[in-house]
Amino acid sequence: MAALLAVQLSAGGRAALRRGIRGRGMRLVACPSLERVEQRLGRDLVDGIVVDIRVARVAALHFTERYPRIPVFALSAFRPDDGGLLADCRRGGLRDIFIEGVDDAALGELVAGRTASRARRAALGDAHRML
């Protein structure tokens with residue numbers, strides 16, 4: 001079963017993700033530190049990484065550079081003066097940006113639709129069935 005890594009997310013953010021990915025063939029793994037993320041990337045099939053971008057901004061951008069095939073998502077409670085942070089997310093290659101407390105109801109579905117396994121299935125959609 002593929003893992004969805006939750007990097008330094010709040011309890012509310014983790015709960016919203018957990019509710020949304022239930023029954024989708026993924027499990028949520030809480031990663032309180034960057035070392036834990038590196039451990040998981042080395043031993044698990046990781047389908048995506050969701051990062052609280054306000055807490056782990058540099059780490060999120062590092063993951064997009066080091067692991068370009070694994071989608072990285074930003075989830076945070078943004079303030080009106082976070083325009084520069086949001087622009088950095090887009091320039092840094094984050095797959096999507098979600099607002100904690102606003103996108104909670106659809107968060108799991110939105111993330112599950114943009115994971116690495118979903119991209120692989122789409123790429124192989126026209127492949128011969130014998131493959």
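**Exercise 1. The faces of helix H1**

Task: In this predicted model, determine which residues of helix H1 are exposed and which are buried.

Solution.
Step 1. Ala11 and Arg19 of H1 are exposed. They lie on the other side of the helix from the buried residues.

Step 2. The buried residues in helix H1, which spans residues 11-21, are Gly13, Ala16, Leu17 and Ile21.

Step 3. Viewed down the axis of H1, the buried residues fall within an arc of 115°, so they line one face of the helix.

Step 4. The partners of that face can now be listed. The buried residues of H1 pack against strand E1 (2-7), E2, E3, strand E4 (72-76) and helix H5 (107-112).

Step 5. Just after H1, Gly23 takes a positive phi of about 80°.

**Exercise 2. The surroundings of Ile21**

Task: State whether Ile21 is buried or exposed, and identify which residues Ile21 touches beyond four places in sequence.

Solution.
Step 1. Ile21 belongs to helix H1. Its relative accessible area is 3%, so Ile21 is buried.

Step 2. When residues up to four places away in sequence are not counted, Ile21 touches Leu4, Met26, Arg27, Leu28 and Gly108.

Step 3. Take the pair formed with Leu4. Ile21 and Leu4 are 17 residues apart in sequence, and their C-alpha atoms are 9.1 Å apart in space.

**Exercise 3. Salt bridges**

Task: Establish how many salt bridges the structure holds, and explain what parts the pair Asp44 and Arg27 ties together.

Solution.
Step 1. The structure holds seven salt bridges.

Step 2. One of them joins Asp44 to Arg27, with 3.8 Å between the closest N and O atoms. This satisfies the cut-off, because a salt bridge requires the nitrogen and the carboxyl oxygen to be within 4 Å.

Step 3. Asp44 lies in the loop between helix H2 (34-43) and strand E3 (46-51), while Arg27 is in strand E2 (residues 26-31), so the pair ties together parts that are 17 residues apart in sequence.

Step 4. Asp44 is buried, at a relative accessible area of 19%. Arg27 is partly exposed, at 30%.

Step 5. A further bridge connects the side chains of Asp81 and Arg79, at 3.2 Å from N to O. Asp81 counts as exposed, with 57% relative accessibility, and Arg79 as partly exposed, with 45%.

Step 6. Asp88 also forms a salt bridge with Arg91, the closest N and O atoms being 2.5 Å apart. These two residues are three residues apart in helix H4 (residues 83-91), so about one helical turn separates them. Asp88 is partly exposed at 23% relative accessibility, whereas Arg91 is exposed at 63%.

Step 7. Shared partners must also be considered: salt bridges join Arg27, Arg40 and Asp44 into one network.

Step 8. Within this network, Arg40 is found in helix H2 and is buried, with a relative accessible area of 13%. Leaving out residues up to four places away in sequence, Arg40 touches Leu5, Arg27, Val29, Cys31 and Val46.

**Exercise 4. Cysteines without a bond**

Task: Explain why Cys31 and Cys89 are not joined by a bond between their sulfur atoms.

Solution.
Step 1. A disulfide is a covalent bond between the sulfur atoms of two cysteines.

Step 2. The cysteine sulfur closest to that of Cys31 is in Cys89, at 19 Å, so the sulfur atoms are too far apart for a bond. The cut-off for a disulfide is 2.5 Å.

Step 3. A search of the whole structure accordingly finds zero disulfides.

Step 4. Cys31 is buried, at 1% relative accessibility, and Cys89 is buried, at 2%.

**Exercise 5. The nonpolar cores**

Task: Determine how many residues the largest nonpolar core has and which residues have the most contacts inside it.

Solution.
Step 1. The largest nonpolar core has 24 residues. Leu5, Leu41, Ile49 and Ile53 have the most contacts inside this core.

Step 2. Two or more residues of this core come from each of E1, E2, H2, E3, helix H3 (57-66), E4 and H4.

Step 3. Consider Ile53 in detail. Apart from neighbours within four places in sequence, Ile53 is in contact with Ala60, Ala74, Leu75, Ser76, Phe78, Leu85, Cys89 and Leu94.

Step 4. There is also a second, separate core of 15 residues, and among its members are Leu4, Leu75, Phe98 and Val111.

Key: Residues numbered from 1 in each chain as written. Predicted model: local features only at pLDDT ≥ 70, side-chain atom pairs only at ≥ 80, totals over all residues. Heavy atoms only, no water. Helix = DSSP H or I, 4+ residues; strand = E, 2+ residues; numbered from the N terminus. Buried < 20%, exposed > 50% of the residue type's maximum accessible area, 1.4 Å probe, protein only. Arc of directions from axis to C-beta. Contact = heavy atoms within 4.5 Å. Core = buried A, V, L, I, M, F, W, Y, C linked by side-chain atoms within 4.5 Å.
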